[in-house]
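Visitor: I should like to be guided through this structure, one question at a time. Please show it to me first.

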Amino acid sequence: MNGWLRRRRLGMALRIAIAALVPAAAVLLVTAGATWLMSRSLFEQLMREHGATAADSAVMFQQTVGIVALGALAVGGVIAAAAAFLLARHLAHPIHALQTAARRLEAGDLSARVGARPSIPELATLAETLDSMAAALERQEQVRRDFVAGAAHELLTPLTNLEGYLEGLRDGVIAADTATFASLLEEAQRLTRLSGTLLQLAEVDTSAGSGPVELNMAAAIGGVVALIEPVFARRGLRVEAKVTPDLNALGIPDHVAQVLFNLLQNAGRYSDRDGVVHIAAMAEGSAIRVSVTNPGREIPLESAVRVFERFYRSDASRDRATGGAGIGLALVKQLVEAAGGRVGVDSEPGSTRFWFTLPRSLT
């Protein structure tokens, strides 16, 4: 294998050297030929003016100027060949490294990297770009695997429960009463909610409808808070909203409502009982920043950077107990970024704040 690679590099170097030598040789030959003809004509003319015959002039030219010219041509050819060979070696190695990395990527090896940067700036930029693309593909592949594993896990739990209930009903172990049918319905509804959320994630980019419109954030936040307050009240939670008056953003009303609802629902799910969830909105330059802060334990740093990934859950057992599937925050991120905004989370002992921005309407 190593011998084959060396032959490949030598073959590439030879081709580069030939490519460099051909134009150099052409220029050298044309220059030498023109110089030869012009100098011979002038030499013979000078010799005739001093009484020499044409034959004697030709012989003298061959013995003096001709030999020197041929020697200079030979030396120039050797220098050109050496320069072409050195240039070829200098170019062949980084080009071969780029080619090898690209072919490994093509074969599915996403860990392939060019490695050491070439000294030629253009090739160094190309190598950096190729390595960045490989890293991005590797991250996307990991996200895809996590997504498939997460989706399979979330679907498996209710399907397993349904299978157990149906086998029990078939074998007469479980009574076909109202409670049993209620459990079956709950699992079916869980599958329906999961499927609906997955469809939302897949259709964000194509479901914008009429596009962004101007919406009042105080009204948008007030509407969502009114819907979620009864749910919070059952857990002894309160919502306190602080919104700067006349604050207008550009967004799709249904998407903004979904983002607000998901963040408030997430805050309620992980808040300490009898606590207060704060939601605030304020202008921040050309954007509007909305934050939802809830009391509760701190999110570890390694989890905070991943909470917006699909199906990621920092505490899987707790999320299952509270009904989370690890999709709500991923949907928040997708909806906000589709509107031209950003999302983030800040967490410290005792509280966690999720935030997002939207373009501000200045009209």
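Visitor: In what order do the strands of the open sheet of five strands lie?

Guide: This is a predicted model. Its open sheet has five strands with mixed pairing. Read across the sheet, the order is β2-β4-β5-β7-β6.

Visitor: Which strands stand at the edges of this sheet?

Guide: A strand at the edge has a single partner strand, so one side of that strand is left without a neighbour in the sheet. Neighbouring strands here are turned by 15 degrees against each other on average, direction ignored. The two strands at the edges are β2 and β6 (343-348).

Visitor: Over how many bridges do β5 and β7 pair?

Guide: Strand β5 covers residues 287-296 and strand β7 covers residues 350-359. A287 stands opposite P359 in β7. The two strands pair in the antiparallel sense, and the number of bridges is 10.

Visitor: What angle does the direction of helix α6 make with that of β5?

Guide: Helix α6, residues 253-270, packs on the sheet. The helix touches β2, β4 (276-284), β5 and β7. With the direction of β5, its own direction makes an angle of about 20 degrees.

Visitor: How do α5 and α6 stand to each other, and what is the handedness of their crossing?

Guide: The axes of α5 and α6 come within 10 Å and cross at roughly 40 degrees. An angle from 35 to 65 degrees is neither roughly parallel nor roughly perpendicular, and therefore α5 is oblique to α6. Residues of α5 including A220, I221 and V224 meet residues of α6, among them L260 and L264. The crossing of the two helices is right-handed.

Visitor: Which element supplies the largest share of the largest nonpolar core?

Guide: This core has 38 residues, of which L260, L264, I279, V290 and F356 touch the most other members. Several elements each supply at least two residues, among them α6, β4, β5 and β7. The largest share, seven residues, comes from α5.

Visitor: Which residues is L260 in contact with, leaving aside its neighbours within four places in sequence?

Guide: L260 is one of the residues that touch the most other members of the largest nonpolar core. A second, separate core of 11 residues includes A101, L105, L123 and L130. The contacts of L260, without its neighbours within four places in sequence, are A220, I221, V224, I279, V290 and F356.

Visitor: Is I288 buried or exposed?

Guide: I288 is found in strand β5, and its contacts include M217, M282, F356 and T357. Residues under 20% relative accessible area count as buried. The relative accessibility of I288 is 1%, and therefore I288 is buried.

Visitor: What is the relative accessible area of T357?

Guide: T357 lies in strand β7. Among the residues in contact with T357 are E284, A287, I288 and V336. T357 is buried, and its relative accessible area is 5%.

Visitor: Which residue with a positive phi follows α9?

Guide: Helix α9 has buried residues, including L329, L331 and L335. After this helix comes a residue whose phi is near 90 degrees, and that residue is G340.

Visitor: What is the phi of D246, and is D246 buried or exposed?

Guide: Most residues other than glycine have a negative phi. D246 lies in the loop between β2 (238-243) and β3 (248-251), and its phi is positive, near 55 degrees. With a relative accessible area of 71%, D246 is exposed.

Conventions: Residues numbered from 1 in each chain as written. Predicted model: local features only at pLDDT ≥ 70, side-chain atom pairs only at ≥ 80, totals over all residues. Heavy atoms only, no water. Helix = DSSP H or I, 4+ residues; strand = E, 2+ residues; numbered from the N terminus. Buried < 20%, exposed > 50% of the residue type's maximum accessible area, 1.4 Å probe, protein only. Pairing = 2+ DSSP bridges. Axes fitted to C-alpha atoms, helices over the stretch in contact; angles between N-to-C directions. Contact = heavy atoms within 4.5 Å. Core = buried A, V, L, I, M, F, W, Y, C linked by side-chain atoms within 4.5 Å. Parallel < 35°, antiparallel > 145°, perpendicular 65-115°, else oblique. Left-handed = near helix turned anticlockwise from the far one by under 90°.
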